[in-house]
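Got your viewer open? Let's take a short tour, one selection at a time.

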Amino acid sequence: MPRTRRDVLASLAGVGVAGLAGCTALDAGESDSDDSALDPAALEAVMELGSPAFPARVPAPIADSFLEQSRGRARELLDFCPETMSPEEVPNEGVRNVYAEAYADATAALERTTADESPFETLQGLRYARGAAAMVKGTYDAAVGDLTEADVRDEAESARADIESFRLGTRYLGDEPDRALVVYEAVENLVAGAVRSLDNADEYGRYADSAPRVGELLDAVESARASLDGARHVRDRYLASIADPIDFTDAFASTASSLGGVTEDRRAEYPEERGLEAVVAGEGFDLEQLESTPAKDLLVETFVEVERGLRDAREGLQNDRFATALVGAHTAETHRRAFEEAVTAVKRGRYESAESAAAVRDAKLGALEALEAARSDGSNPHLTRRALVDIAHMVDRGDGYFRDDYYEDGDPRAARNALAQYATTEFVARETPGVSAWVLGTLAAERGGVGR
């Protein structure tokens, strides 16, 4: 007996995105009867197709010894502290409760780092684990010892000075633009995260004039230092892998400025007033007719990331974080192109409803195939994959609508929202390699003007 499309999909359930590539072409004209409506079992099967694995990573050799050293630092901080405070040590029950919660959080954070899918994800997770462990130690030392807020603020100022020294001493040296751009964007994000940790502790502190406040500040300092350690390790390991580094600094700066201007000009072609709905209406759509359709969510989801990319590009330029600005321009242009393609699709009558489980399934398979096609594009693999990390999570977000207790089985809102997420993923993934070529092609042209 020939295998039906449902048989093929069932056999593929749970495999990675690479294994799903091409499966939408199988038995394209065949449909089982329970796919003609929003059958709960059929929608469950859509979710069980799985989500693609795109763990965050960086094209630099992160050393296992560095990760273990960072993990050891978190353990060391916790080893100085008991699991609970006794009432004899600390009569204040509120402080004891905060401490117990912080201890549990820190141990859980440390355990999570062993389950990360890539060394870079582990590096990122250890920033939080080290900070959480410092929250424990700072709270304990302030409650039973002589650690004061003033002491920790002195440490914070020292950390700020070290961060600034590292930032000023980093140039964009590398082997080839695609790899260098992704490495230095990661470095810049880690440095920005270090600064943000210190700033947020001052602006958004939960505690005041108490032992937990000291712990909170020490958390910020340790998180900042962990981020700085990570940035330095990624940069240094990358440079150590290159025999004859090229200086891309001037080319990165000029290209970021150029592409930032292009993306700003292209955004200016759309309405500025009344937010995203004005942008959608400006394309000639009747918002009332689009309400409660996958089409509206698709249009909004694609364009909202244009705004995020532009913000990253602006802030990157303002703060001399040129790799961040370039990735921001990539994000903005990718989603702008996806929005234009989505506008065309909706005007042709697509995505008016999620009329069946088969339609939802096809949307998800389209997303998975588009991700795999982009991932397999070898022209600019590092930048393209970096962008896909931010895109691929939308598949899991779509699946989440079928896991959400808010929806009953077969609720059309769950199917509608999931379909919109899958469709957004497909449109954006399809545009990603082309925009990578645009960014790196512009960078190559700029290098022709600034020299090596």
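Before the first stop, a word on patches: they are made of residues with over 30% relative accessible area and no salt bridge, and like charges are joined within 9 Å. For sign, Asp and Glu count as negative. Keep in mind, too, that what you're looking at is a predicted model.

**Stop 1: a charged patch**

Select Asp 146, Asp 151, Asp 154, Glu 155 and Glu 157. You've picked out a patch of negative charge on the surface. Now click on Asp 146 alone: you'll find it in the loop between helix H6 (119-144) and helix H7 (149-168). Is Asp 146 buried or exposed? Its relative accessible area is 69%, so Asp 146 is exposed.

**Stop 2: salt bridges**

Side chains of opposite charge can pair when their charged atoms come close. The count here comes to 37 salt bridges, so let's visit a few of them.

Go back to helix H6 and select Asp 141 and Lys 137. Both lie in that helix, 4 residues apart, which is about one turn. They form a salt bridge, with the closest N and O atoms 2.6 Å apart. Lys 137 is buried, at 17% relative accessible area.

Next, try Arg 75 and Glu 68. This salt bridge has its closest N and O atoms 2.9 Å apart. Arg 75 is partly exposed at 35%, and Glu 68 is partly exposed at 38%.

Then pick Asp 236 and Arg 235, whose side chains meet in a salt bridge of 2.9 Å, N to O. Asp 236 counts as partly exposed, with 36% relative accessibility, whereas Arg 235 is buried at 15%.

For a bigger selection, show Glu 185, Glu 305, Arg 308, Arg 311, Asp 312, Arg 386 and Asp 390 together. Salt bridges that share partners join these residues into one network.

**Stop 3: aromatic rings**

The structure holds 13 aromatic pairs. Select Phe 248 and Phe 252: they make a stacked pair, 5.8 Å centre to centre with 20 degrees between the planes. Phe 248 and Phe 252 are both buried.

Now compare Tyr 406 and Tyr 407. How are these two rings arranged? Their centres are 5.1 Å apart and their planes sit at 85 degrees, so this pair is edge-to-face. Tyr 406 counts as exposed, at 57% relative accessibility, while Tyr 407 is buried, at 15%.

To finish, add Tyr 172, Tyr 184, Tyr 238 and Phe 322 to Phe 248 and Phe 252. Ring pairs link these residues into a cluster.

How values were computed
Residues numbered from 1 in each chain as written. Predicted model: local features only at pLDDT ≥ 70, side-chain atom pairs only at ≥ 80, totals over all residues. Heavy atoms only, no water. Patch = residues over 30% accessible without salt bridge, like charges linked within 9 Å, V, L, I, M, F, W, Y side chains within 5 Å. Areas by Shrake-Rupley, 256 points an atom, 1.4 Å probe, with all protein chains shown as cover. Salt bridge = Lys/Arg side-chain N within 4 Å of Asp/Glu carboxyl O. Charge placed at Lys NZ, Arg CZ, Asp CG, Glu CD. Helix = DSSP H or I, 4+ residues; strand = E, 2+ residues; numbered from the N terminus. Buried < 20%, exposed > 50% of the residue type's maximum accessible area, 1.4 Å probe, protein only. Phe/Tyr/Trp six-rings, centres within 6.5 Å; stacked < 30°, edge-to-face > 60°.
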